[in-house]
Amino acid sequence: MAENDLNNPEIDIPDELKQQIAVTTLDRIYNWSRSNSLWPMMFGLACCAIEMICTAASRYDLSRFGMEVMRPSPRQADVMIVSGTVTKKMVPQIVRLYNQMSEPKYVIAMGACASGGGPFKEGYNVVPGVDKFIPVDVYVAGCPPTPQALLHGLITLQKKIEGEHIPDTRWYKKGEVEALPIPILGPDLMDPRHFELIREETHKPLPVVDVIIEGGETA
């Protein structure tokens, strides 16, 4: 966003003051500063992570958008780029990292695997999209996406942030933001919020089935 874009076009500023005074809203200047200082979290899951690394290299240069500071700690990051295949064994760790990130925070699902399972969809060990467990803001298509595609996704995220209204955001409201439940890996991924329902279903008595054997007798 250019500096002049911060001005409120509804307010007429005299020509002699245009280079000295800018009239804007808190939403626009706050979102403008946040959208140009995003800190992605430095982790990758599979082949999409190689493209993410290329995006941060000199040829594509994320620093043009203020996003070159990739943090190794979720406490210092506000953008999670889920780059690669999301397995059931990895989901609890992803949710735990998301909960540890500070607000406001955003998620980009990079590639077909993170967005919907990709070529491994319906596999025994791959989840059909990370959005089943954490909220996703931007989906980047591709298998794997090119660095240009990831840049487009990051620019799309910037535009989304610039359009936010602060009082309507999740992180601005009163009270603490509840942490997402961390799935537990058992025979399959289980949501802790559904434990009571799972317990009720597994303890139901088996239905009685009449079996007719040869000769017309009922067992």
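Let's start with Y30, a residue that sits in helix α1, which covers residues 26-35. Keep in mind that this is a predicted model. Is Y30 buried, partly exposed or exposed? Its relative accessibility is 32%, so Y30 counts as partly exposed. Y30 also has company on the surface: together with L26, I29 and W32 it makes up a nonpolar patch, and the four share about 370 Å² of accessible area.

**The whole chain**

Now zoom out. The protein chain has six helices and five strands. Read from the N terminus, the elements come in the order α-α-β-α-β-α-β-α-β-β-α. Of the 219 residues in the chain, 34% are buried. The chain exposes about 13600 Å², and 56% of that comes from carbon and sulfur atoms.

What about contacts between parts of the chain that are far apart in sequence? Take the contacts with a separation of 6 or more: 70% of them are between residues 24 or more positions apart.

**D78, a buried acid**

Next stop is D78, in the loop that runs between α2 (48-56) and β1 (79-83). Which side chain of opposite charge is nearest to D78? That would be R34, at 6.6 Å. A salt bridge needs the nitrogen and the carboxyl oxygen within 4 Å, and D78, though buried, has no salt bridge.

D78 does have a polar partner, though. A polar atom of its side chain lies 2.8 Å from the backbone nitrogen of W39. Leaving aside residues up to four places away in sequence, D78 touches S37, L38, W39, M101, P104, K105 and Y106.

**P104 and the cis bonds**

One of the residues that D78 touches is P104, so let's go there next. P104 belongs to the loop between α3 (91-100) and β2 (106-110). Its relative accessible area is 14%, and because buried means under 20%, P104 counts as buried. Apart from residues up to four places away in sequence, P104 touches R34, D78 and W171. Another link across the sequence is the pair P104 and Y172: they are 68 residues apart along the chain, yet their C-alpha atoms are separated by 8.6 Å.

P104 has something else to show you. The peptide bond joining E103 and P104 is cis, with omega at about -5°. A second cis bond joins C143 and P144, and here omega is about -10°. P144 is placed in the loop between β3 and α5.

Why point these out? Most peptide bonds are trans, and most residues other than glycine have a negative phi. That second part brings us to D61, which is not a glycine but has a positive phi of about 60°. D61 is in the loop between α2 and β1. With a relative accessible area of 27%, D61 is partly exposed.

**Salt bridges**

How many salt bridges does the structure hold? There are six. Here are three of them, with the distance between N and O atoms:

| Acidic residue | Basic residue | N to O distance |
|---|---|---|
| D131 | K132 | 3.8 Å |
| D137 | K160 | 2.8 Å |
| D191 | R193 | 2.7 Å |

Start with the bridge between D137 and K160. This pair ties together distant parts of the chain, 23 residues apart: D137 is in the loop between α4 (111-116) and β3 (138-140), while K160 is in helix α5 (residues 147-162). D137 is partly exposed because its relative accessibility is 24%. K160 is partly exposed too, with a relative accessible area of 37%.

In the bridge between K132 and D131, K132 has a relative accessible area of 54%, so it is exposed. D131, at 30% relative accessibility, counts as partly exposed.

Finally, look at D191 and R193, whose side chains meet in a salt bridge. Is D191 buried or exposed? At 19% relative accessibility, D191 counts as buried, whereas R193 is exposed, with a relative accessible area of 61%. So there are two buried acids to set side by side here: D191 is in a salt bridge with R193, while D78 has no salt bridge and has the backbone nitrogen of W39 2.8 Å from its side chain.

Methods. Residues numbered from 1 in each chain as written. Predicted model: local features only at pLDDT ≥ 70, side-chain atom pairs only at ≥ 80, totals over all residues. Heavy atoms only, no water. Helix = DSSP H or I, 4+ residues; strand = E, 2+ residues; numbered from the N terminus. Buried < 20%, exposed > 50% of the residue type's maximum accessible area, 1.4 Å probe, protein only. Lys, Arg positive; Asp, Glu negative; His and termini not counted. Polar contact = N/O pair within 3.5 Å; in protein donor to acceptor, adjacent residues only side chain to side chain. Contact = heavy atoms within 4.5 Å. Patch = residues over 30% accessible without salt bridge, like charges linked within 9 Å, V, L, I, M, F, W, Y side chains within 5 Å. Areas by Shrake-Rupley, 256 points an atom, 1.4 Å probe, with all protein chains shown as cover.
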